[in-house]
Amino acid sequence: MTALCVFLTLIAAYVVYAICDARRDDAMNQVNAFYQAAISFTGQNLGAGKFERINKILFVSEGLVIIVGLILGNLEVIYGETLLKLYTTSDLVVAAGMKR
């Protein structure tokens, strides 16, 4: 059962990664922190024999990934041009950045 929970945590993280990667790589950078933390916490609890905590790690980390991913992804779509203009003044570069 524990190995299944670890496997599902990894699969869920990769699914969220694929969704965010299809949208914006920038949002995935922040979401990746939750993925790495979930792997660390799962490994620590697995090693300590505290298997009941692994399910909680799965649901809490997935919930946080979904919430943060949706918020940051939508902010990048809504305010994308403004964010890109922090780095460049060229309208051509901003237009190319928004296509990505």
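These legends walk through several views of a predicted model of one protein chain.

**View 1. The whole chain is built from helices.** The chain has 5 helices and 0 strands, so reading from the N terminus you meet α-α-α-α-α, going by how helices and strands are assigned along the chain. Buried residues make up 26% of its 100 residues. The accessible surface adds up to about 6,900 Å², with 67% of that belonging to carbon and sulfur atoms. Look at contacts with a separation of 6 or more, and 55% of them come from residues 24 or more positions apart.

**View 2. Confidence varies from helix to helix.** Over the whole chain the mean pLDDT is 76, and 71% of the residues reach 70 or more. Which element has the lowest mean pLDDT? That's helix α1 (residues 2–23), at 59, while α3 has the highest, at 84. Where pLDDT is low, the predicted coordinates should not be read in detail.

**View 3. Here's helix α3 from end to end.** This helix has 27 residues. From its first C-alpha to its last it reaches 40 Å, close to the 39 Å expected at 1.5 Å a residue. Its buried residues are Ile 54, Ile 57, Leu 58, Ser 61, Val 65, Gly 69, Gly 73 and Glu 76.

**View 4. A nonpolar patch sits on the surface.** About 990 Å² of surface is covered by this patch, which is made by Ile 67, Ile 71, Leu 75, Val 77, Ile 78, Tyr 79, Leu 83, Leu 86 and Tyr 87. Which helix gives the most to it? Helix α3 (residues 52–78) does, with 5 residues. One of the patch residues, Ile 71, has its place in helix α3. Ile 71 counts as partly exposed because its relative accessible area is 48%, which falls between the 20% and 50% cut-offs.

**View 5. Zoom in on Asn 45 and its contacts.** You'll find Asn 45 in helix α2 (residues 25–48). Is Asn 45 buried or exposed? It's buried, because its relative accessible area is 10%, and buried means under 20%. Setting aside neighbours within four places in sequence, Asn 45 is in contact with Lys 50, Phe 51, Arg 53, Ile 54 and Ile 57. Take Ile 57: it is 12 residues from Asn 45 in sequence, and their C-alpha atoms are 9.6 Å apart. Both Ile 54 and Ile 57 are among the buried residues of α3.

**View 6. Last stop: Asp 91 in helix α5.** Asp 91 belongs to helix α5 (residues 91–99). This residue counts as exposed because its relative accessibility is 57%, and exposed means over 50%. How far apart are the C-alpha atoms of Asp 91 and Glu 81? They're separated by 9.3 Å, with the two residues 10 apart along the chain.

Key: Residues numbered from 1 in each chain as written. Predicted model: local features only at pLDDT ≥ 70, side-chain atom pairs only at ≥ 80, totals over all residues. Heavy atoms only, no water. Patch = residues over 30% accessible without salt bridge, like charges linked within 9 Å, V, L, I, M, F, W, Y side chains within 5 Å. Areas by Shrake-Rupley, 256 points an atom, 1.4 Å probe, with all protein chains shown as cover. Salt bridge = Lys/Arg side-chain N within 4 Å of Asp/Glu carboxyl O. Helix = DSSP H or I, 4+ residues; strand = E, 2+ residues; numbered from the N terminus. Buried < 20%, exposed > 50% of the residue type's maximum accessible area, 1.4 Å probe, protein only. Contact = heavy atoms within 4.5 Å. pLDDT = per-residue confidence, 0-100. Expected span 1.5 Å × (residues − 1).
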